[in-house]
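Colleague: Could you take me through one part of this protein in some detail? I work at the bench, so please explain the terms as you go.

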Amino acid sequence: MSARPARTSPDNPATASATETASAASGSAGRRRVLLAAPRGYCAGVDRAVIAVEKALEQYGAPIYVRHEIVHNKYVVKTLEKKGAIFVEETEAVPEGEIVIFSAHGVAPVVHEEAERGKLATIDATCPLVTKVHKEAVRYAKEDYDILLIGHEGHEEVIGTSGEAPEHITLVDGPGDVENIEVRDPEKVVWLSQTTLSVDETMETVEAIQGRYPNLLSPPSDDICYATQNRQTAIKQVAADADLVLVVGSKNSSNSVRLVETALTHGAKDGHLIDGADEIDEAWLEGVTTVGLSSGASVPDVLVDGVLEWLSERGWEDVEIVQPVKEHMQFSLPKELRRDLRAEAAQKTQG
Ligand code: SF4
């Protein structure tokens, strides 16, 4: 087995500096190396959603129903299925009286109503940063704005946000959509966005909208979440020096797809999205000296470790961490789960 690469964590900058110093000392000309982006992988919203399913299985026992993939990652979904989670496409597929968890991408109010009709107990694992966008949509709809939601048609998050105020929201899927937008009052238009878009592309779309509606209102704070932005910042730095960039993530993971696109527009000569090491094509490595590596916000680090091991076995043993930003975000578990965990803990104390 080849040597494991030196690893660091966002909370351990000392390790990062040591790794970087050692790598710099060895000289970089012509040597095979991996530039490992940080931050990468699990964001606070995904971490919370996955733990919510695990805790629910422990607390209430299997099966626990989950509406849609809890996060867009095949490995995570399969692992939870093995533990007793059942993933369903529609709320109606959950038997009456059972527990259903809503995924990190959020759901429209109509889905809560369906659950109520089916007498289901719900745990809402919607990421708080998606909930923030839902609240903005509700607020601007109440103020009678036309809301231009920048996002990808058919994405679960966009469906959920649009469902908060369908009469007021128009989806804008890139600058090409802007010329077809129709609003009631050009003076009363606001834009919001999906949380996992490319920052650069979104700003292009906003500029195009501003060209048509100069008084366009912007949301009070960024809708593209901190995790998406940080992973894009890191991949830009990695891509500038990489012949090949590999991003670990599933094809239906918006933020993972954006990472590959961002790498290719910021200097990477080649880039691929892979679910794991078994999807790497050896031919991609022909003539490659520097491999950039990152992972989407729904990807556990065990999959990145697999890719590092695969590369190490082929001579890319030298790993440098590229960490332009640090992350410390954490979210508490969904309130329904916290309530029941607290109640059980209190019972145990009394007993
Ligand atoms: S990518 Fe951002 S919005 Fe989506 S779950 Fe993670 S932190 Fe939340």
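Which residue in strand 4 does Arg67 stand opposite?

Modeller: Happy to help! A word on the basis first: this is a predicted model, in which local features need pLDDT of at least 70 and side-chain atom pairs count only at pLDDT 80 or more, while totals for chains, interfaces and linings use all residues. Residues are numbered from 1 along each chain as its sequence is written.

Now to your question: Arg67 stands opposite Phe102 in strand 4. Helices (H or I, at least four residues) and strands (E, at least two) are DSSP runs, numbered from the N terminus. Two strands count as paired if DSSP finds at least two bridges between them. Strand 2 (residues 64–67) meets that with three bridges to strand 4 (residues 99–102), in the parallel sense. Strand 4 also runs parallel to strand 5 (residues 121–124), joined by four bridges. In that pairing, Ile101 has Ile123 of strand 5 opposite.

Between these two strands comes a helix: strand 4, helix 4 (residues 109–117) and strand 5 form a right-handed β-α-β unit. Right-handed here says that, with the strands pointing away from the viewer, the path from the first strand over the helix to the second runs clockwise.

Let's step back to the domains, whose bounds come from an automatic or database domain assignment. There are domain 1 (13–43 + 226–322), domain 2 (45–127) and domain 3 (129–212). The C-alpha centres of domain 2 and domain 3 are 27 Å apart. Eleven residues from domain 2 and eleven residues from domain 3 take part in their contact, where two residues are in contact if their C-beta atoms, placed from the backbone, lie within 7 Å. On the domain 2 side, five of these residues are nonpolar, six polar and none charged. For those classes, Ala, Val, Leu, Ile, Met, Phe, Trp, Tyr, Cys and Pro count as nonpolar, Asp, Glu, Lys and Arg as charged, and the others, Gly among them, as polar.

Finally, the whole protein. Its secondary structure comes to eleven helices and twelve strands. The radius of gyration, taken over C-alpha atoms, is compared with a globule rule of 2.2 Å times the number of residues to the power 0.38. The protein has 22 Å, close to the 20 Å that the rule gives for 351 residues, so it is as compact as a globular protein of that length. Along its principal axes, the C-alpha trace spans about 65 × 60 × 35 Å.
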